[in-house]
Amino acid sequence: MTPIPHIPPEQLPELLRRMPKAELHIHIEGSLEPELIFALAQRNGVKIPYASVNELRRAYAFTNLQSFLDIYYAGASVLLKEQDFHDMAWAYLQRAAADNVVHAELFFDPQTHTARGVPMETVINGLHRACTEAGPALGVDASLILCFLRHLSEEEAFDTLEAALPYRGKFIGVGLDSSEVGHPPEKFARVFARCRQLGLHLVAHAGEEGPPAYVWTALDVLKVERIDHGVQSTKDPALMARLAKDRVPLTVCPLSNLKLCVFPKLSDHNLRELLDAGLLATVNSDDPAYFGGYMNDNFLATFAATGLTAAHAYQLARNSFEASFIDSARRTRYIDELDRVFASFV
Ligand code: HPA
Ligand code: ZN
């Protein structure tokens, strides 16, 4: 739809809530709300070092990525049974539906669980069952992306891939997450090459805290189709030109960047700069239980802080469908629906 109809600024929040959108950067373990952590701890007889939901929530004061990851991995320790993985994903998918997320690609971190003795089958089957139910029950089309933990070795990533391959039909791609600095993408060159041969989609976190060089090697060595975060790319004009030319999607997570001190204030966020440079940027929640909000919270807070407009809203929602791993018929259907919602606001 061009041009975007004039939409009065006071209608922008409702438009942001109502527009259909895809979420492409959500770590499902990062959707575990403190209440669910406590409920699962009780159900499974797991001890957690916090006395109450409020005490746990008060621990969510992060200074950088690592300070968050330490608490995030501790929270995931309550997940033991297939039903636990299902219930976690189901809680997220209900929130997604409420935010008019019609398509979601969920990251999961199997190594966080297999290292504690939880079988791969338990993790994947629980998550996949929730994804399968979400289409008919919630109107959310959901799929899974397996992430390798980059602070571990490439050999361990190969072992993880091997363990997951019996369930190859239940995930659509692989990603790379955890501690970025000191663990450049090229550390995983061989395992990504193998995943590429297997026909899996490829994505990687790069340029969250790490340098633009990591975005270059994610593209040129790993050959990823999307960059997760990528906000450090604005420091490198040649990289910005490359991302624009090749229409490489960036899955940007504004409230995450704020909470992990990547930007001092939300009004300092460079989302507008990325969009103005013609990049295929999208808005996502990353770890919504830890960073203060789901999809619509990210949209509402970022638009309020940076003065983005209805035209940006349309671009971001459209980018989310362009950047997603869906077939073209579905993509057309979602964009048509987006156009209908915008037209209804005129
Ligand atoms: N960055 C890296 N690893 C992660 C993140 C993130 O934002 N969230 C969960 N694992
Ligand atoms: Zn992430």
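In this predicted model, the crossing of helices α10 and α11 is left-handed. Helix α10 covers residues 212-220 and helix α11 covers residues 237-245; the two pack at an angle of about 35°, with their axes 10 Å apart. A second helix pair, α5 and α7, crosses in the right-handed sense. The protein chain as a whole comprises 17 helices and eight strands.

**The pair α10 and α11**

- From α10, the residues that make the contact are Pro212, Val215, Trp216, Leu219 and Asp220.
- From α11, the contributing residues are Ala238, Leu239, Arg242 and Leu243.
- Sorted by class, this contact consists of seven nonpolar residues and two charged residues, with no polar ones.
- Thr217 is also part of helix α10.
- The relative accessible area of Thr217 is 18%, and Thr217 is therefore classed as buried, since the cut-off for that class is under 20%.
- Apart from neighbours within four places in sequence, Thr217 is in contact with Pro185, Glu186 and Leu222.

**The pair α5 and α7**

- Helix α5 spans residues 82-98 and helix α7 spans residues 120-138; their axes come within 7 Å and cross at roughly 35°.
- The crossing of α5 and α7 is right-handed.
- On the α5 side, the residues taking part are Glu82, Gln83, Phe85, His86, Met88, Ala89, Trp90, Leu93, Gln94 and Ala97.
- On the α7 side, the residues taking part include Thr122, Val123, Asn125, Leu127, Arg129, Cys131, Glu133 and Leu138.
- The class count for this contact is 13 nonpolar, six polar and three charged residues.

**Overall form of the chain**

- The C-alpha trace spans about 55 × 40 × 40 Å along its principal axes.
- The radius of gyration of the protein chain is 19 Å, which agrees with the value near 20 Å that a compact globule of 346 residues would have.
- Of the 346 residues in the chain, 58% count as buried.
- Among contacts between residues at least 6 apart in sequence, 78% join residues at least 24 apart.

**Nonpolar cores**

- In soluble globular proteins, nonpolar side chains tend to be buried together.
- The largest nonpolar core here contains 115 residues, and Phe148, Phe192 and Tyr290 have the most contacts inside it.
- A second, separate core has five residues, among them Ile145, Cys147, Val203 and Phe325.
- Not counting residues up to four places away in sequence, Phe148 touches Gln111, Ala157, Thr160, Leu161, Val174, Gly175, Leu176, Asp177, Val191, Phe192 and Cys195.
- Phe192, one of the residues touched by Phe148, is itself among the three with the most contacts inside the largest core.

**Residues with a positive phi angle**

- Ser178 has a phi near 85°, a positive value in a residue other than glycine.
- Ser178 is located in the loop between strand β4 (173-177) and helix α9 (189-197).
- With a relative accessible area of 6%, Ser178 is buried.
- His229 has a phi near 75°, which is likewise a positive value in a residue other than glycine.
- His229 belongs to strand β6, residues 226-229.
- The relative accessible area of His229 is 0%, and His229 is therefore buried.

**Tyr73: contacts and separation**

- Tyr73 is found in helix α4, which runs over residues 65-75.
- Leaving aside neighbours within four places in sequence, Tyr73 is in contact with Asp109, Thr112, Leu149, His151 and Ser178.
- Ser178, among these contacts of Tyr73, is the loop residue with phi near 85° described above.
- Tyr73 and Gly169 are 96 residues apart in sequence, and their C-alpha atoms are 27 Å apart in space.

**Ala41: contacts and separation**

- Ala41 lies in helix α2, residues 34-44.
- Ala41 has a relative accessible area of 7% and is therefore buried.
- Beyond neighbours within four places in sequence, Ala41 is in contact with Val46, Ile48 and Val78.
- Ala41 and Ile326 are 285 residues apart in sequence and 36 Å apart in space, C-alpha to C-alpha.

Terms used: Residues are numbered from 1 along each chain as its sequence is written. Chains are lettered from A and ligands numbered from 1 in the order in which they are written. This is a predicted model: local features need pLDDT of at least 70, side-chain atom pairs count only at pLDDT 80 or more; totals for chains, interfaces and linings use all residues. Side-chain values use heavy atoms; hydrogens and water are left out. A nonpolar core is a set of buried Ala, Val, Leu, Ile, Met, Phe, Trp, Tyr and Cys residues joined through side-chain atoms within 4.5 Å. Buried means under 20% relative accessible area, exposed over 50%, partly exposed in between (1.4 Å probe, protein chains only). Contact means heavy atoms within 4.5 Å. Axes are lines fitted to C-alpha atoms, for helices over the stretch in contact, and angles run from 0 to 180 degrees between N-to-C directions. Helices (H or I, at least four residues) and strands (E, at least two) are DSSP runs, numbered from the N terminus. A crossing is left-handed if the near helix is turned anticlockwise from the far one by less than a right angle, and right-handed if clockwise. Ala, Val, Leu, Ile, Met, Phe, Trp, Tyr, Cys and Pro count as nonpolar, Asp, Glu, Lys and Arg as charged, and the others, Gly among them, as polar. The radius of gyration is taken over C-alpha atoms; the globule rule is 2.2 Å times the number of residues to the power 0.38.
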